[in-house]
Amino acid sequence: MAGVAFYQVIGLDSRVHPLRKKLDKKMFYDFADLNRKEKDYITKYVERIELTYVLTPSNMNIQPFINDEYHYEGVMFISIRLREEIKDFHVSTIGEIIQGALPNPVVIVFEKQGNIQMGTCIKRRNKVDRSQTVLEQQAYTPWFQLDETNETIRQFIASVHMQNVSFAHFFQFYQDIHRAVQAFQHINAVGTFYIATNEQSQQLIAQIKQLETEIAAWKAKLKKETQFNRKVEMNMKIHELTTQIEQLKQRLK
């Protein structure tokens, strides 16, 4: 299975014995307060949900991180085998359901027809109700195969390998994985595998993605426009936004 191979490639299986405990779908129906459509997604598109690894201070020699906002005592790795008829836009919804049902930090490894997709989510405690968890930032890689001779995949695998993530504490450990997932997610917008390690670079990437969205909207309008002078104006606007993106990319270097 691709999921098993992935854990081997990132060096996790050599450090921690896998649990491979099947999780009942009903558990997520009960704890995630799902609507009918969300339940249908789980029923129709998910073949198996498995708690594959539970990382703790005792088995990983990583210290917990606990403050008023963040509670990172360990990290779960959950594997989800998806049915082949699932559409890509269903995956993030299923990921959000799983993340919302579990207050713990979770790395999700989706598998479909030999392809892998990883999802992460930074969570914090609700300031009003401390028993509740807020999903702060979610990120998903594109689908990829382990045997692809692709530089981006090589960089991603190296970034999440257990030899290259921080063991200072579990929040830093999880952040390192999350940032690598974000770097892979943003590869088309940024143009390179770039790990944003500070707020300034994260803001630059957010601006690039916003400009990409604006360009897509202008291009959609351009296809429908019939007046020549309006087409010229729209092309100029697209060129202007494209120039802004290139300038922002230069600031990332």
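Is His178 buried or exposed?

1. The model discussed in this note is a predicted one, and the question above can be settled from its computed accessibility. His178 is buried, because its relative accessible area is 3%, and the cut-off for counting a residue as buried is under 20%. As for its place in the chain, His178 belongs to helix α7, which covers residues 170–185. When residues up to four places away in sequence are set aside, His178 touches Thr120, Cys121 and Ile122, and it also touches Gln137, Gln138 and Ala139.

2. It helps to set this residue against the whole protein, which has 10 helices and 8 strands. Of the 253 residues in the protein, 44% are buried, and the C-alpha atoms fill a box of roughly 65 × 45 × 40 Å when it is taken along the principal axes. Among the contacts with a separation of 6 or more, 67% are between residues 24 or more positions apart.

3. Helix α7 also has a helical partner, since α6 (residues 151–160) packs with α7 at an angle of about 170°, and their axes are 9 Å apart. Because of that angle, α6 is roughly antiparallel to α7. The contact is made by Thr152, Ile153, Phe156, Ser159 and Val160 on the side of α6, and by Ile177, Ala180, Val181 and Phe184 on the side of α7. Sorted by class, this contact has 7 nonpolar and 2 polar residues, with no charged residues.

4. Which residues does His161, in the loop between α6 and α7, touch beyond its neighbours within four places in sequence? The contacts of His161 are with Val9, Ile10 and Gly11. His161 counts as buried because its relative accessibility is 18%, a value to be read against the cut-off of under 20%.

5. On the other side of α6 in sequence, Gln145 is found in the loop between β8 (133–140) and α6. Gln145 is partly exposed, because its relative accessible area is 29%, and that class lies between the cut-offs of 20% and 50%. Leaving out residues up to four places away in sequence, Gln145 touches Gly114, Asn115 and Ile153. Ile153 appears again here, having been listed among the residues of α6 that make the contact with α7. Gln145 and Val107 are 38 residues apart in sequence, and their C-alpha atoms are 18 Å apart in space.

6. A second helix pair is formed by α3 (residues 36–45) and α5 (residues 88–101), which pack at an angle of about 110° with their axes 10 Å apart. The two helices are therefore roughly perpendicular to each other. In this contact Glu38, Tyr41, Ile42 and Tyr45 of α3 meet Phe89, His90, Thr93, Ile94 and Ile97 of α5, and the residues involved divide into 6 nonpolar, 2 polar and 1 charged.

7. The last point concerns the largest pocket, whose volume is about 300 Å³. Its lining has 21 residues, and the closest of them to the centre are His71, Glu73, Pro103, Asn104 and Pro105. Two or more lining residues come from each of β2 (46–55), β4 (71–72), β5 (75–82) and β7 (115–125), and the largest share, 3 residues, is given by β7. In terms of class, the lining of the largest pocket is made up of 8 nonpolar, 7 polar and 6 charged residues.

Definitions and conventions
Residues numbered from 1 in each chain as written. Predicted model: local features only at pLDDT ≥ 70, side-chain atom pairs only at ≥ 80, totals over all residues. Heavy atoms only, no water. 1 Å grid on protein atoms, 1.4 Å probe; cavity = no way out; pocket = protein on both sides within 12 Å on 5 of 7 lines; lining within 4 Å. Points joined across faces, edges and corners; volume = space filled by probe spheres on them. Helix = DSSP H or I, 4+ residues; strand = E, 2+ residues; numbered from the N terminus. Nonpolar A, V, L, I, M, F, W, Y, C, P; charged D, E, K, R; others polar. Buried < 20%, exposed > 50% of the residue type's maximum accessible area, 1.4 Å probe, protein only. Contact = heavy atoms within 4.5 Å. Axes fitted to C-alpha atoms, helices over the stretch in contact; angles between N-to-C directions. Parallel < 35°, antiparallel > 145°, perpendicular 65-115°, else oblique.
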